[in-house]
Amino acid sequence: MTQETKGKETCTNATAVPDATPKGILIPLKTTLETRARGSLLDVYVTSVPVKQASGALEVIRRLLPGDGGVDLQHLRRFAKARDVPDAVREAFKRARVEVLGGCGETTSTESGSTHEQETIASDAPKSESAAPSAQTKSKGGPDDAAASISTSADPRIKTDDVATELFLIVGSTNAISSAVVAEELSVIVNGAAIFSIQVPRLAPTSQEQATLWTSQHWPTVYKKSNPFGPHPSIVSRTVQEIHGEVGKWMNLASEVARQADGTGSGERVGVVIVERKNGIGHPVAVAGDARWMDWPSKGPGNVTAHAALRAIAMVADGVKATNESGETTKDRVESSPPDSQEVIWDTKPNTDATFMYAGQVKQVCVGNIFQDKPVLDAEKDRCDLSGTVAGYLCHDLEIYCTHEPCVMCSMAILHSRFGKVIFQYRMPKTGGMCADGDLGHGLFWRKELNWTLLAWQWVRSSNGQSLGPADFHA
């Protein structure tokens, strides 16, 4: 057996994808808003109003601040009982009430209300089955004990009955109105209202756990089972159920073409598989390995237009174009056309397999098609169905599986090609464009200022199988 024959046999065997599909978990990527704004706080005014005057006080506030002054407060309980707020809020109220009583020289009389009335008024806040539980534990002595704790060691002019029959009410942002104006407008309902400021979460929580934490730290917070900063959780969950059984298979294929690209010296060890899903079943429409060193000098970053993601996208585009023009698939054209005897690679990594992989002589030639958008590696030729896509518009709603997080350039190409989902195995913190919590922090998969958004995950392999490993190059 000659070296050339042996090499061809080795390459042929290398294309076989193992039958055992590796297992792993899909971790949704966080958006830029989720990583940067979720801890942002807002200063708001809070006052205390008698239970029976709560509705009237809220009407006054809404008249003063239509639409809450342009600030979304729907994730916060508008009314809260003393036992349901953190200690810091009760302490702030004590100080404000002492100041008010000290200024007017007399106590403030309030009307008592029944427990039923308190429950009715408090329910004016947003309702949700996922409302965060109270941060304060109800004592055995009854609901008034939490209120009574406010007056302990406080100014003797603050009566326990006053607090027990009142509700805390969020007025609005301190930037939208002054406390003096609020006090004046509320004076027709509440005599000597105590107005104080606290900090509350500016944005809605993205999980029940986060809502519970914020309730204990700031103010009763509601989780509405939505994500205002990214894709809706139900959409993410439904998509995971649809694709999770096949992710390992496509990642295996991407890893295989990556190994072929590396083994032949044509590119870095990066692979991409584009999948179209019909009736819930996915099938590959393009497979591409990195080809930055193919027909390219070994200096610098290589041929940046021959990254695996760009090559795969170009193959899909070629298939759509060919189907629209003649009905002949790119795969048919590739298989029927004779190999170019002058097609060679620049072997930056000495490898004896490089010469026979492309059936050409290793010598310097002029750069032809710098985009390298034709299937060349065995895995690229054998596992492609480039007959066009159902959507017809480039990669609309297709799935792209990558061994490594795409670089910024490839991430934008994925975005502009209208992919529906992107899944990669290895993060590239220094060069990747998809993650919002990497060194670059672009989070390009979900940016409202761009013209497209898509779902994105990192796939973490469960087993200790073969690993391609992360690196610092641009994938």
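**Entry 1: Val188 and its surroundings**

I began with Val188, which lies in the loop between H8 and S5. I wanted to know whether its side is buried or exposed, and at 69% relative accessibility Val188 counts as exposed, because the cut-off for exposed is over 50%. I then looked up a C-alpha distance for this residue, and found Val188 and Gly56 at 9.8 Å from each other in space, although 132 residues separate them in sequence. I note here that I am working from a predicted model.

**Entry 2: the chain as a whole**

Before going further I took stock of the protein chain, which has 15 helices and 10 strands. Of its 475 residues, buried ones make up 49%. I also looked at how contacts are spread along the sequence: among those between residues at least 6 apart, 76% join residues at least 24 apart.

**Entry 3: helices H3 and H8**

Since Val188 is in the loop between H8 and S5, I next looked at H8 itself. Helix H8 covers residues 179-186 and packs with helix H3, residues 54-64, at an angle of about 135°, the two axes being 10 Å apart. H3 and H8 are therefore oblique to each other, and the crossing in which H3 passes H8 is right-handed.

Which residues meet where these helices pack? On the H3 side I listed Ala57, Val60, Ile61, Arg63 and Leu64, and on the H8 side Val181, Val182, Glu185 and Leu186. Sorted by class, this contact of H3 with H8 holds seven nonpolar residues, two charged ones and no polar ones.

**Entry 4: aromatic pairs**

I searched the whole structure for aromatic pairs and found three. In one of them, Phe93 and Phe168 are edge-to-face, with 5.2 Å from centre to centre and 70° between the planes. Phe93 belongs to helix H4 (residues 87-104) and Phe168 to strand S4 (residues 166-173), so this pair ties together parts that are 75 residues apart in sequence. I checked burial as well, and both Phe93 and Phe168 are buried.

How do the rings of Phe168 and Phe196 pair? Their centres are 6.1 Å apart and their planes stand at 85°, so this pair too is edge-to-face, given that planes over 60 degrees apart count as such. The pair links distant parts of the chain, with Phe168 in strand S4 and Phe196 in strand S5 (residues 195-201), 28 residues apart. Phe168 and Phe196 are both buried. Taken together, Phe93, Phe168 and Phe196 form one aromatic cluster.

**Entry 5: positive phi outside glycine**

I then turned to backbone angles, beginning with Asp68, whose phi is near 55°, a positive value in a residue other than glycine. Asp68 is found in the loop between H3 and strand S3 (79-80), and at 16% relative accessibility it counts as buried, because the cut-off for buried is under 20%.

Where does Arg418 sit? Its place is in the loop between H15 and strand S9 (421-426). Arg418 has a positive phi of about 70° although it is not a glycine, and with 17% relative accessibility it counts as buried. For helix H15 (residues 408-416), which comes before Arg418, I noted Cys410, Ser411, Ala413, Ile414 and Leu415 as the buried residues.

**Entry 6: two loop residues, Gly230 and His442**

Gly230 lies in the loop between helix H9 (208-217) and helix H10 (233-263), and it is buried, with a relative accessible area of 11%. What does Gly230 contact, leaving aside its neighbours within four places in sequence? I found Thr31 and Trp446. The C-alpha atoms of Gly230 and Lys448 are separated by 9.1 Å, while the two residues are 218 apart along the chain.

My last look-up was His442, in the loop between S9 and strand S10 (455-461). His442 counts as partly exposed, at 29% relative accessibility. Not counting residues up to four places away in sequence, His442 touches Thr32, Arg36, Val408, Gly433, Cys435 and Arg447. I also recorded the C-alpha separation of His442 and Gly432, which is 8.4 Å for residues 10 apart along the chain.

Key: Residues are numbered from 1 along each chain as its sequence is written. This is a predicted model: local features need pLDDT of at least 70, side-chain atom pairs count only at pLDDT 80 or more; totals for chains, interfaces and linings use all residues. Side-chain values use heavy atoms; hydrogens and water are left out. Rings of Phe, Tyr and Trp (its six-membered ring) pair if their centres lie within 6.5 Å; planes under 30 degrees apart count as stacked, over 60 as edge-to-face and the rest as tilted. Helices (H or I, at least four residues) and strands (E, at least two) are DSSP runs, numbered from the N terminus. Buried means under 20% relative accessible area, exposed over 50%, partly exposed in between (1.4 Å probe, protein chains only). Axes are lines fitted to C-alpha atoms, for helices over the stretch in contact, and angles run from 0 to 180 degrees between N-to-C directions. Angles under 35 degrees count as roughly parallel, over 145 as roughly antiparallel, 65 to 115 as roughly perpendicular and the rest as oblique. A crossing is left-handed if the near helix is turned anticlockwise from the far one by less than a right angle, and right-handed if clockwise. Contact means heavy atoms within 4.5 Å. Ala, Val, Leu, Ile, Met, Phe, Trp, Tyr, Cys and Pro count as nonpolar, Asp, Glu, Lys and Arg as charged, and the others, Gly among them, as polar.
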